[in-house]
Amino acid sequence: MSSATESFDAQTAKLIDAAHRCDTLPSIEDYLPYHNFGEMWESLAGAHGQRTWMTYYPCAADDETPTHFTFTQFADLIERVATLLSEKFGIKAGGAVATLTINQPLTVAIYFAAWRLGARVVPVNPSEADDRVGYIVQNSGATVLIAHRSCREDWAGVEAAIPKTVSRAILLDAAGGPVGWEDFGSLLEGVKSSGKSTVPSVSWDSEALVVYTSGTTGNPKGVVLTQKQMFADAYAISQWHGIDEHTVMMNVLPIHHVNGIIVTLVTPAFGGAHVVVNKRFRSGGFWRKLAQNNVAIVSVVPTLLQFLFESNEEFAPEDLPNFRHFICGAGPLSVELARDFQDRFGLKIMHGYGLSETVCYSCFLPTDLEWDEHCAWMYDHGFPSIGAPVITNEMAIHDDQGQPVEDGKKGEIVIRGHNVMVGYFRNPEANATAFKFAWFRSGDEGFKLRGEDGKDYFFITGRIKELIIRGGINLSPFEIDEVLNSMPGIRVGLAVGFDNRYYGEEVGAYVQVEKGTTLTEAQVIAHCKEKLPWSKCPKVVIFGDDIPVTSTGKYQRGKLKHLYEAHKDRQFKE
């Protein structure tokens, strides 16, 4: 029995099986050319050999010099890393490798090498607090943590949080790693490639990725995805956007997130495309990189569109003759930003939607719409449309009893198909809730409209779950509540996600102080900064006593969002 389903009861298992059904594509097997990632890279090296697979920019300076890898070179790197993981760290099929690292070629190779061995990758957001890093490593069953030196100044907190039995390895760009950690790069130098790949018998139903996503209460939940489910979403994305061996994509998103992993790593590999990987996003030189590398597609979040819109970088559309569009999702995109960006640059934003629980994307705006029709779906309905379902999944809008609602009426976005997760890792209660009606329940509110082309166009209007999505990263308001309420003098403190032009949403705090107590905004923010990373800290604090509640006494933080409207266009810097 798989780790994800260790505590499923029979009823939940049946519901999850039903949620993997997709009437639009009854069988996925005939559409997938590979049975596992090892087979995929063996095929890629054989078919594409000396073609460039990856161009890597270290973001060191404006005149940064990239590093290039052919398909053969990267396949060789994967083999060497797989050998090291297996022989030094004991990683086998069914094992788990946790990573706390950055965008760089070796991180990518670690992912593919672990999948090559049939193991799970557990990518941890470097901005996670040390105790949550410890929880994720322990809960996932990882036996090794591979981290990048730059992710921490002080590693004592991580050391204390992770189990003593977990092996530790460090990726260094400079000297000064924590004492007792293995130098992964030095170890790898001693591993020679045989030049031959012996692909192990790894099933495409092997669990490959466990992505921990913030819940509204308690600890984060581990989303379990198989190799087959990842292939299914890569197939859907490549089919929708025409990604093949003639395509160049660019990665600017962090690869600890499914968007960065699936859209601009797994998908271009699946299609034999060339990918340009950046250590991090920089607006400086962005358009120049697109031109120099003949990039066709970039995957972004709304935050990055805002940064590009406000930058003074030189833009010449004639320098980008083969650029097609931006893929954009993973956070709230406003009509205002969509219109401003498309009007200025004349480039399409291909808006879409998905979740870690559906591998990545489940729908997109069609790529073949004429400009006016595309803009109408983006501007004319109060929210930019997230488009129509991809071929590997179905979508619907349900009421709270799991019944479909009529077009135009709001309800919960639900999804079923080949790219729906196995389940939450060792979390039977969450699985029973998420699959209650034999579809995956997203927790997101939305509606759909039928287009003249016969397609159902979906819209997301908010979240039934109270997550704050800042720059494409899910934040739990309850975690921030805990910090607020730990401050002396605060009677009630609530984290409130409010609309923000730069990050889609930013974090605010609504605070009721105890009688006779005086607190300032600066004091509250300073208290939070001691306990939270900047991304999770409130940027605006509003004091008041009028906290709306339900009939059962639950706070309704969503009804406080309007109080922060004056801060929509502010960019908050640390």
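A residue is called exposed when its relative accessible area is over 50%, buried when that area is under 20%, and partly exposed in between. By that rule Asp-545, at 59% relative accessibility, counts as exposed. The model in which these values were computed is a predicted one, and the paragraphs below go from the overall fold to its strands, a helix and some single residues.

The secondary structure of the protein comprises 16 helices and 26 strands. A compact globule of 574 residues would have a radius of gyration near 25 Å, and the protein, with 23 Å, agrees with that expectation. Along the principal axes, the C-alpha atoms fill a box of roughly 70 × 60 × 60 Å. Of the 574 residues, 60% count as buried, and of the contacts with a separation of 6 or more, 72% are made by residues 24 or more positions apart. The accessible surface comes to about 22,800 Å², and 47% of this area belongs to carbon and sulfur atoms. As for charge, the protein has 52 positive and 70 negative charges, and the mean positions of these two sets are 4 Å apart.

A good place to enter the fold is strand 3, which covers residues 96-100 and has 5 of its 5 residues buried. In a regular strand the side chains alternate between the two faces of the sheet. In strand 3, Ala-96, Ala-98 and Leu-100 point one way while Val-97 and Thr-99 point the other way, and all of them are buried. Strand 3 pairs in the parallel sense with strand 4 (residues 120-123) over 4 bridges, and within this pairing Thr-99 stands opposite Pro-123 of strand 4. Strand 3 is also joined by 4 bridges to strand 5, again in a parallel arrangement, with Val-97 standing opposite Val-144 of strand 5.

Strand 5, made up of residues 144-148, is likewise mostly covered, since 5 of its 5 residues are buried. Val-144, Ile-146 and His-148 lie on one side of this strand and Leu-145 and Ala-147 on the other, so that both faces are covered. From strand 5 the pairing continues to strand 6 (residues 167-171), which runs parallel to strand 5 and is joined to it by 5 bridges; here the bridge partner of His-148 is Leu-171.

Further along the chain, helix 11 (residues 302-310) is largely enclosed by the rest of the structure, because 7 of its 9 residues are buried. The buried residues of helix 11 are Pro-302, Thr-303, Leu-304, Leu-305, Gln-306, Leu-308 and Phe-309. Their cover includes helix 10 (286-293) and helix 12 (335-345), together with strand 12 (297-300), strand 13 (325-328), strand 14 (348-354) and strand 25 (504-513). Two of these covering elements, strand 13 and strand 14, run parallel and are joined by 4 bridges, and Phe-326 stands opposite Ile-349 of strand 14. Strand 14 is itself mostly covered, with 6 of its 7 residues buried.

Two acidic residues show contrasting surroundings. Glu-394 is found in strand 17 (residues 393-398) and counts as buried because its relative accessibility is 13%. Leaving aside neighbours within four places in sequence, Glu-394 is in contact with Arg-21, Cys-22, Asp-23 and Thr-24, as well as with Val-414, Ile-415, Arg-416 and Trp-439. Ala-338, by comparison, is 56 residues from Glu-394 in sequence and 26 Å away in space, C-alpha to C-alpha. Asp-545, the exposed residue of the opening, is found in the segment after strand 26 (540-543). With the same exclusion of sequence neighbours within four places, Asp-545 is in contact with Tyr-510 and Gln-512, and its C-alpha is 8.2 Å from that of Val-513, although the two residues are 32 apart in sequence.

Finally, the backbone deserves a look at two loop positions. Most residues other than glycine have a negative phi. Asn-294, however, has a positive phi of about 55 degrees although it is not a glycine. Asn-294 has its place in the loop between helix 10 and strand 12 and is partly exposed, with a relative accessible area of 39%. Arg-426, also a residue other than glycine, has a positive phi near 50 degrees. Arg-426 lies in the loop between strand 19 (423-424) and helix 14 (428-434), and its relative accessible area of 38% makes it partly exposed.

Methods:
Residues numbered from 1 in each chain as written. Predicted model: local features only at pLDDT ≥ 70, side-chain atom pairs only at ≥ 80, totals over all residues. Heavy atoms only, no water. Rg over C-alpha atoms; globule rule 2.2 N^0.38 Å. Buried < 20%, exposed > 50% of the residue type's maximum accessible area, 1.4 Å probe, protein only. Contact = heavy atoms within 4.5 Å. Areas by Shrake-Rupley, 256 points an atom, 1.4 Å probe, with all protein chains shown as cover. Lys, Arg positive; Asp, Glu negative; His and termini not counted. Charge placed at Lys NZ, Arg CZ, Asp CG, Glu CD. Pairing = 2+ DSSP bridges.
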